[in-house]
Amino acid sequence: MLGIRSISHCRPRPSFSLVSYQHRFATTKSYDPLRVLFCGSDEFSIASLQALDHERRACSGRVASIDVVCRPEKPVRRHLRAVREVPIAAVARDLGLPLHQIDTFTGWTVSVLAKMTENTAYPDKPPTHLEGPMNLIVAVSFGLRIPARILNLAKYGGLNLHPSLLPEYGLSNRYAEGFSKTDLDRFPGPAPLHHTLLADRKTTGVTLQTLHPIKMDGGRILAQTPYPGIEHQAKTVEELQALTAPLGADMLIQSLKNGSFVPPFQDVGWYSGYSAPSDFQHASKIGPKDRHLDWTMWSADDILRRQRVIGPLWNMTETLINSRNGKRREAKRIIWEHGFQLLEEECHLFPRTGHPIIVGLHGPAPKVFIRTCDGNVLVADSIKVEGEVATEAFRAAKRNGLAPFPDGLDKPTQLPHDFVAFHSPLT
């Protein structure tokens, strides 16, 4: 058994924290040297892996070994002709750490977790341990739930770093003490960074919790950035990730030093001890529905913020195309791949919200103007119809029948007006 306070041969570890702040931790405890199974994926998890490996190299008495688990590479892009590897895989190889790439824990061999090898000298004997079984699982932005059968194999269970101030018990009894419902949106779920920015929250933080065998983000809070978190000016997920990743790495290492992951656990959540509310916002995984632009409900600021945080937005629109039986209507998806800019000057061409107009047809570069529900106007330089590449507004609209152009039209300068509206509003 290792007493953490007795270790004196460890070299000092440089701080991975960008901001100085006070953690709340349980009292120092003792534990065996850690054989860690680290499950991760992105830059947020890479910072924690690098900090953990630095601790292994600088102080072998605390961290004995690290194995890394991540998802396998996936085919991407059109026709799935390219593959994309999870970023942490390359980092694990560079650090010389054993790497296991799996897409599910179903059927995953327990011998990998236990770090066993077959006894070739005595085949009839059970496998022997090389270094002993893994005794701690750490999951950071992993994307898969660690099943109970895997957690139960680790003496110290599992830890999870989450880039938000997770709720555990809640604040419903503290409304009278100055906490509003806005304060309660603490984003448990797989995409907290995205939802922090989408909700325009100006503070953030990190939570270290135990891994619950059934519920995602349902463990005991062992360490947490003090309420109300740290202020930030991040506009993109990458910027917010760059802020929270070193904070999380530092929190993880501090927890290993004081042994807060060793039972009995001390709950140190920022509002522990209060009854759980039912109105926390779940930070669900970002999907196509989150990018479906709603012109009737989203202001110009909402649209530009979503564009910045989750990438190209999309709409459906009605087209009128030629067929053997004459003109026929067809719904097509428009992807605003190159995004929008806010029109600064006054414009009076828009009778309906969300009804695009191509403006500047007599000029060198026609653009798409769309009025938002709050009276602003957004401008797009190009149009991408699903299945095609993004194209200059006039050419894309004419080729796909988005607007009522006369047959035989070659150049937009042949039109009597400098603008033309789409057949129908965007949906």
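The protein chain folds into eight helices and 22 strands, where helices (H or I, at least four residues) and strands (E, at least two) are DSSP runs numbered from the N terminus. What you see is a predicted model, in which local features need pLDDT of at least 70, side-chain atom pairs count only at pLDDT 80 or more, and totals for chains, interfaces and linings use all residues. Residues are numbered from 1 along each chain as its sequence is written, and side-chain values use heavy atoms, with hydrogens and water left out.

Let us begin with the chain as a whole. Of its 427 residues, 51% count as buried; buried means under 20% relative accessible area, exposed over 50%, and partly exposed in between, with a 1.4 Å probe and protein chains only. Contacts (heavy atoms within 4.5 Å) also tell us something about the fold. Among those between residues at least 6 apart in sequence, 69% join residues at least 24 apart.

Now step inside. A nonpolar core is a set of buried Ala, Val, Leu, Ile, Met, Phe, Trp, Tyr and Cys residues joined through side-chain atoms within 4.5 Å. The largest one here has 80 residues, and F261, W336, F340 and I383 touch the most other members. Helix α6 (residues 237–258) gives this core its largest share, ten residues. Apart from this core lies another, of 16 residues, including W108, L144, I150 and A154. To get a feel for the surroundings of I383, leave aside residues up to four places away in sequence: I383 then touches I334, W336, V368, V389, A390, T391, A393, A396, L402 and F422.

Helix α6 also has a helical partner. Helix α1 (residues 43–58) packs against α6 at an angle of about 35 degrees, with the axes 8 Å apart. Here axes are lines fitted to C-alpha atoms, for helices over the stretch in contact, and angles run from 0 to 180 degrees between N-to-C directions. On the α1 side the contact includes F44, A47, A51 and L52, and on the α6 side A245, A249, L252 and I253 are among the residues taking part. By class, this contact has ten nonpolar, four polar and three charged residues; Ala, Val, Leu, Ile, Met, Phe, Trp, Tyr, Cys and Pro count as nonpolar, Asp, Glu, Lys and Arg as charged, and the others, Gly among them, as polar.

Charged side chains make links of their own. The structure holds 15 salt bridges, each a side-chain nitrogen of Lys or Arg within 4 Å of a carboxyl oxygen of Asp or Glu. D200, K202, D302 and R305 are linked in a network of them. Within this network, K202 meets D200 at 3.0 Å, N to O, and both are partly exposed, K202 with a relative accessible area of 45% and D200 with 35%. R305 also bridges to D200, with the closest N and O atoms 3.7 Å apart. This pair links distant parts of the chain, 105 residues apart: R305 sits in helix α7 (residues 300–310), while D200 is in the loop between α5 (192–198) and β10 (203–204). R305 counts as buried, at 15% relative accessibility.

R305 has buried company in α7, including A300, I303, L304 and V309. After α7 comes G311, whose phi is positive, near 90 degrees.

Finally, look at K367 and D381, whose closest N and O atoms are 2.7 Å apart in another salt bridge. K367 lies in strand β18 (residues 367–371) and D381 in the loop between β19 (377–380) and β20 (382–385), so the pair ties together parts 14 residues apart in sequence. K367 is partly exposed at 30% relative accessibility, and D381 is partly exposed at 43%.
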